[in-house]
Every structure is written in structure tokens, then in C-alpha cells.
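Visitor: Hello! Could you walk me through this structure?

Guide: Gladly; have a look first, then ask away.

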Amino acid sequence: MKSGIAPVPQIMRKISVLPLAAVIFFTVSGGPYGLEPLIGYAGSYSIPLLMLTPLMWDIPMILVVLELNSMMPVEGGYYEWVKKGLGIKWAFMEGCWTWLYSFVDLAIYPVLFVEYAAFFFPQIELYKTPVCLIMIWLIAFLNIRGIVLVGSTAMFLMVAVMIPFIILYFKGFLHPGFSGPHPHAGLTSLSLALFTIMWNCIGWDNATTYAGEVNRPVRSYLKAIILAFSAVYIFYISFTYLAIHSGISASVFAEKGIPYLGMLIGGKFLGGVLSIGGMASTVGIFCAVILSVSRVPAVMGKDEVLPKIFTRLNKKYQTPYISIIACAFIISILILNPLADLFIMDICLYTAGIVLEFAALIHLRKIAADQERPFRIPLKRNGLVLLFLLPVIVFSVALTGALFGSEEYRHAALIAIAAIISAPLAWIFVRYKIKSKN
């Protein structure tokens with residue numbers, strides 16, 4: 001079996017801390033766009049849930065990412081960690097599950113871009129598919145040009161996302177709003193609230209797949225992740241507080257979104273500015289996630305669990321252009337078939353990957369105890385297990401509510417379980433192919 005660690009050419013330009021933080025921000029969040037349903041699900045409990053859930057759901061994952069990345073800051077990130085800790089079989093599962101949830105996730109952002117653009121150009125809805133395809137392939141070309149350009153673009157887009165919210169906050173605190181009634185009820189509502197928050201906070205491990213393209217990756221990732229998490233945490237809580245106290249109806253907010261809140265507080269101008277921010281957010285998220293997910297097939301191709309064509313690099317920019325093109329092609333198909341209940345399916349697939357990363361961390365503490373780790377979680381085995389229980393508890397509560405909720409939510413959960421099972425089934429074919437070659 002050949003090594004799956006893709007060599008990074010010395011001529012490649014690498015990304016520094018601030019652009020990396022911007023890319024991670026978009027990989028994980030992209031701003032409060034997507035939090036709109038939360039108030040309807042959780043009502044007055046939205047703020048406490050937003051304060052607690054990321055601490056239980058994100059912090060354990062961030063700590064695992066920082067330790068494993070400090071140990072192996074390589075192209076392929078989590079795929080390589082799982083391969084070293086648990087073997088090629090489980091690394092293949094990790095790669096497949098990440099691909100599945102990333103593609104389901106990515107397919108929604110071009111559609112959202114069109115919806116935000118419709119604020120200015122209502123007729124654009126008639127051309128949704130061609131506009132989505134143009135966005136997909138332009139961003140694919142941007143990614144082929146390399147991580148430095150992606151990082152610079154992410155910094156510009158991050159400013160474009162944040163400025164409208166600064167205006168919204170200023171107007172909001174001057175606006176004579178009130179805290180209207182925001183009803184909530186039962187386990188199912190809590191479940192959907194948790195899925196909404198978790199979905200808006202996933203992707204910390206995705207940001208490591210291009211570690212070989214980062215200057216001083218161990219230190220850079222530590223600083224960049226702290227900056228990105230702080231921005232996401234403060235952003236979400238402050239925005240939700242403002243929305244709750246604006247007097248907007250939870251059902252109207254979930255249906256019409258953040259630009260409508262802007263119109264309520266500051267008129268059509270602010271609604272338009274927030275629509276521009278929504279367009280910037282969708283472009284930034286799409287660009288950042290394409291960057292991360294496209295590196296994994298290239299590394300899997302090195303291991304021959306995917307065709308070797310995925311390993312080809314662009315001669316000028318040294319980027320895995322075949323992998324990027326393949327990702328763009330799959331997403332181009334998925335936008336034609338919108339999937340419901342995105343939150344539930346995404347989180348189930350993402351959690352399956354998290355389980356393998358935690359397992360890899362614990363096993364690597366045993367089989368690679370002497371390997372250097374500039375960042376090390378100050379916990380032993382039992383402490384790591386307890387740390388892992390925090391996101392498991394959050395996920396279990398959310399999944400229980402979905403399974404015991406409506407038929408629609410159960411259906412989404414079952415689709416996610418079927419998608420998880422598809423990876424072991426695919427491995428049977430891959431294993432046979434590997435054995436036949438040997």
C-alpha cells in the first residue's frame with residue numbers, strides 16, 4: 001500500500017493565519033444565515049442553547065483536531081489521522097462519509113445564492129439552474145488557482161458578511177423593538193433546535209485537509225481556530241438576541257429570513273445590504289468547503305482506494321484539479337434534486353466521521369505515544385472518553401427527538417443511516433479490487 005500523504009511541492013504558495021481563519025470561518029459558519037428557524041424551535045431558550053451547545057458540540061471536536069493536526073499536519077487531514085490510527089478500511093469510511101455530507105451540504109448554497117439575489121432581481125428565479133451552475137464552476141476555477149487566492153477571497157467575503165450585521169446591530173439597538181412571544185413545545189422542537197445549531201457549527205476537521213498548504217501549520221491552526229470559533233460564537237449569540245428582541249414573528253422570520261429582519265429594523269436599504277451579505281456568505285462557504293473536500297479524493301487516490309486520476313495536480317498551480325472538477329460535477333447534479341431535512345442528514349453523517357476521529361485519537365495515544373504532539377489535550381484515556389460523551393449527548397438528544405417526531409423527520413434519519421451503511425458496502429468492492437491487484 002502506497003503512502004497516502006500527498007507531497008506538497010516547495011514552489012507552492014502557502015496561506016497564513018488571518019486568511020486561514022477566514023477560510024475556517026466559512027468552512028464552519030459563514031455568519032448567522034441558516035439560524036433563522038431556531039427561534040421558532042426553541043423560543044426563549046434559543047440564547048441558552050446557543051451558549052451551551054457549541055461548548056459541548058464544538059470544543060471537544062476542536063481539541064481533537066488541534067492535537068491530531070499538530071501530530072500530523074498533512075494533506076488529507078482527518079483521512080490520514082484515521083488511517084494511521086485505525087487502518088485504511090476505516091479511513092475509507094471517513095472519506096466517504098465526509099464526501100456524502102459535504103456534497104449534500106454544498107448543493108444547497110448555490111440555490112440560496114439565487115434566493116438572496118432575487119431580492120434585487122426577482123426574475124433570476126426563472127434561471128436558477130444556469131445561475132447555480134455558473135457559480136459552481138467559477139468557484140471550482142478559483143480553487144484550481146490555489147489556496148492563497150481562496151484565502152484572500154475569503155477575507156474579502158468575511159468583511160462583506162460582517163459589515164451588514166454591524167449596521168444591523170447599530171440600527172437594532174436604536175430600533176424600539178420588543179420581545180414578542182416565541183412559543184416552543186416538546187422534544188421534537190428541542191431536537192430541531194439542536195440540529196439547527198449543530199449544522200451551523202460543523203466542519204472544524206474539514207479545515208485540516210489542506211494543512212500541507214499552510215505556513216507553520218501547527219501554530220497557524222491554533223490561532224486561526226481560536227479566532228474563527230470566537231467570531232462564530234459571538235456572532236450567533238448577539239444576532240439571535242437581537243432577532244428575539246426585534247419583535248419579529250418566529251414563523252415569518254423562518255420563512256422570509258434575515259433580509260426581512262433588516263427591512264423591519266432599517267428599511268429596504270438594510271434588507272438589501274443583508275441580502276448582499278447572504279450572497280457573500282453562500283459564495284464564501286461554497287468556496288471554503290470545496291477547498292477542503294477536494295483534497296481528500298486526491299489523497300485517497302494515492303492509496304488506490306479511489307482511481308489514481310484524482311491525484312493529478314495542475315502544473316502551474318499545483319492543485320488537485322481533477323478532484324476539484326469531480327466535486328463540482330457531482331454538486332452540479334445534486335442541485336437539480338433538492339434534498340429535504342438537510343440538518344438531520346448532515347449531522348448524522350458528520351457524527352459518524354467524528355466517532356472515527358475520536359477513536360483514532362485514543363488509539364494513537366497508545367500506538368504512537370512517543371510521536372511529537374506540540375498541542376496535546378491534557379487528559380488521559382478516561383478523560384478523553386468523557387470529553388467524547390459531550391457531543392454524543394447533544395447528538396443523542398437531537399436524534400431521539402427526530403426519531404420520535406413526525407414521519408418526515410424519521411424518514412430523514414433513516415436516509416442518513418442508509419447513507420452511513422453505504423460506505424461499508426462500497427468497501428467490499430474496494431477491498432476486492434485491492435486484493436486482485438496484489
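Visitor: Which residue with a positive phi follows α1?

Guide: Keep in mind that this is a predicted model. Just after helix α1, the phi angle turns positive, near 90°. The residue there is glycine 30.

Visitor: And is α1 itself mostly covered or mostly open?

Guide: Helix α1 runs over residues 17-28. Its buried residues include Leu20, Val23, Ile24 and Phe25. With 10 of its 12 residues buried, α1 is mostly covered.

Visitor: How far does α1 reach from its first C-alpha to its last?

Guide: The helix has 12 residues, and at 1.5 Å a residue the expected reach is 16 Å. The model comes close to that, with a reach of 16 Å.

Visitor: Which helix gives the most to the nonpolar patch on the surface?

Guide: The patch is formed by Leu187, Leu190, Val385, Leu386, Leu389, Ile393 and Val397, with about 540 Å² of accessible area together. The elements giving two or more residues are α9 (186-199) and α16 (381-403). With 5 residues, the one that gives the most is α16.

Visitor: Why does isoleucine 393 count as partly exposed?

Guide: Isoleucine 393 sits in helix α16. Partly exposed covers the range between under 20% and over 50% relative accessible area. Isoleucine 393 falls in that class because its relative accessibility is 45%.

Visitor: Where is the pLDDT below 50?

Guide: Across the protein chain the mean pLDDT is 85, and 91% of the residues reach 70 or more. One stretch is below 50, though it has 24 contacts in the model beyond near neighbours in sequence. That stretch is residues 1-11.

Note on methods. Residues are numbered from 1 along each chain as its sequence is written. This is a predicted model: local features need pLDDT of at least 70, side-chain atom pairs count only at pLDDT 80 or more; totals for chains, interfaces and linings use all residues. Side-chain values use heavy atoms; hydrogens and water are left out. Patches are made of residues with over 30% relative accessible area and no salt bridge: like charges are joined within 9 Å, nonpolar side chains (Val, Leu, Ile, Met, Phe, Trp, Tyr) within 5 Å. Accessible areas come from the Shrake-Rupley method with a 1.4 Å probe; for residues, only the protein chains shown count as cover. A salt bridge is a side-chain nitrogen of Lys or Arg within 4 Å of a carboxyl oxygen of Asp or Glu. Helices (H or I, at least four residues) and strands (E, at least two) are DSSP runs, numbered from the N terminus. Buried means under 20% relative accessible area, exposed over 50%, partly exposed in between (1.4 Å probe, protein chains only). pLDDT is the predictor's confidence in each residue, from 0 to 100. Contact means heavy atoms within 4.5 Å. The expected span of a helix is 1.5 Å times one less than its number of residues.
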